[in-house]
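Biologist: I would like to learn how to read strands, pairing and burial in a model. Can we go through one together?

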Amino acid sequence: SPATGTAFTLGDSGDTFTVPSGATILNSGTATGFGGGGKLGQVVVGEDTTATTIASTAPTYTDVGLSVAITPSATSSSVYVHFNMQAQVGSDESFEMRLMRDTTAIWTSNTDHHVFQYNVNDLRMWATVMYKDDAISTTSATTYKVQCATAGSDSVIFNMSGANTQIVAMEILA
């Protein structure tokens with residue numbers, strides 16, 4: 001056992017140390033040099049090919065069929081959520097969307113920042129949103145889903161052509 005403040009090196013560069021099955025490595029100090037957080041723990045993909053028409057006006061939001069469930073491996077993990085979807089909007093129509101974690105809205109496009117607002121009939125556009133959820137604090141199954149509402153009187157059709165829209169949840173380890 002070296003004296004306090006004395007560095008101790010085990011082996012040389014390129015050496016391999018094997019820990020037999022059933023053995024336990026116990027660290028009562030500070031382990032360094034093993035890399036930090038930010039590593040990808042898992043990736044889960046949800047897909048939807050069903051057209052969904054909504055006519056609900058904000059603040060009433062409707063599920064658009066895009067969801068994914070992930071079970072984080074640690075309460076300290078973050079979940080990075082990315083989704084894309086297609087929408088067909090009518091003349092002078094716009095819509096709002098929000099990302100839900102179970103029953104909690106964690107990201108919302110508000111009335112001052114519509115996702116789309118165009119003056120062209122039957123315009124098809126794609127929405128892409130990326131969001132990092134740092135507040136999950138659970139190792140239970142967690143569902144992320146997209147909900148939308150119109151901002152006007154016309155309906156909006158999501159995924160009209162049956163395009164493959166996706167929502168991806170990636171666990172980022174702490």
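Modeller: Start with strand 5. Ser94, Glu96, Arg98 and Met100 point one way from this strand, and Phe95, Met97, Leu99 and Arg101 point the other way. All of these residues are buried. Keep in mind that this is a predicted model.

Biologist: What is the general idea behind such a pattern?

Modeller: In a regular strand, side chains alternate between the two faces of the sheet. Here, strand 5 covers residues 94–101, and eight of its eight residues are buried.

Biologist: Which strands pair with strand 5, and in what sense?

Modeller: Look for bridges between strands. Strand 5 pairs with strand 9 (residues 142–150) in the antiparallel sense, over seven bridges. As one case, Glu96 stands opposite Ala149 in strand 9. Strand 5 also pairs with strand 6 (residues 104–108), again antiparallel, over four bridges. There, Met100 has Ala105 as its bridge partner.

Biologist: How many residues lie between strand 5 and strand 6 in the hairpin?

Modeller: Two residues lie between them. Check the backbone in the turn too: Asp102 has a positive phi of about 55°.

Biologist: Now burial. Is Val79 buried or exposed?

Modeller: Compare the relative accessible area with the cut-off. Buried means under 20%. Val79 counts as buried because its relative accessible area is 1%. This residue is found in strand 4 (residues 78–89).

Biologist: Which residues does Val79 touch, beyond those up to four places away in sequence?

Modeller: Its contacts are Ile70, Tyr131, Lys132, Asp133, Ile136, Tyr144, Ala169 and Met170. Take Met170: it is 91 residues from Val79 along the chain, yet their C-alpha atoms are separated by 5.4 Å.

Biologist: And where does Ser77 lie?

Modeller: Ser77 lies in the loop between strand 3 (62–70) and strand 4. Apply the burial test again. At a relative accessible area of 2%, Ser77 is buried. Then look for polar partners. The Ser77 side chain makes a polar contact with the side chain of Glu171, at 2.7 Å. Leaving aside neighbours within four places in sequence, Ser77 is in contact with Ile136, Glu171, Ile172, Leu173 and Ala174.

Biologist: Last feature. Which residues have the most contacts inside the largest nonpolar core?

Modeller: They are Phe83, Met85, Tyr144, Cys148, Phe158 and Ile167, in a core of 25 residues. Next, ask which elements supply it. Those giving two or more residues include strand 3, strand 5, strand 8 (123–133) and strand 11 (165–172). Strand 4 gives the largest share, six residues.

Notes:
Residues are numbered from 1 along each chain as its sequence is written. This is a predicted model: local features need pLDDT of at least 70, side-chain atom pairs count only at pLDDT 80 or more; totals for chains, interfaces and linings use all residues. Side-chain values use heavy atoms; hydrogens and water are left out. Buried means under 20% relative accessible area, exposed over 50%, partly exposed in between (1.4 Å probe, protein chains only). Contact means heavy atoms within 4.5 Å. A polar contact is a pair of N or O atoms within 3.5 Å; within protein, one must be able to donate a hydrogen and the other to accept it, and residues adjacent in sequence count only if both atoms are side-chain atoms. Two strands pair if DSSP finds at least two bridges between them. A nonpolar core is a set of buried Ala, Val, Leu, Ile, Met, Phe, Trp, Tyr and Cys residues joined through side-chain atoms within 4.5 Å.
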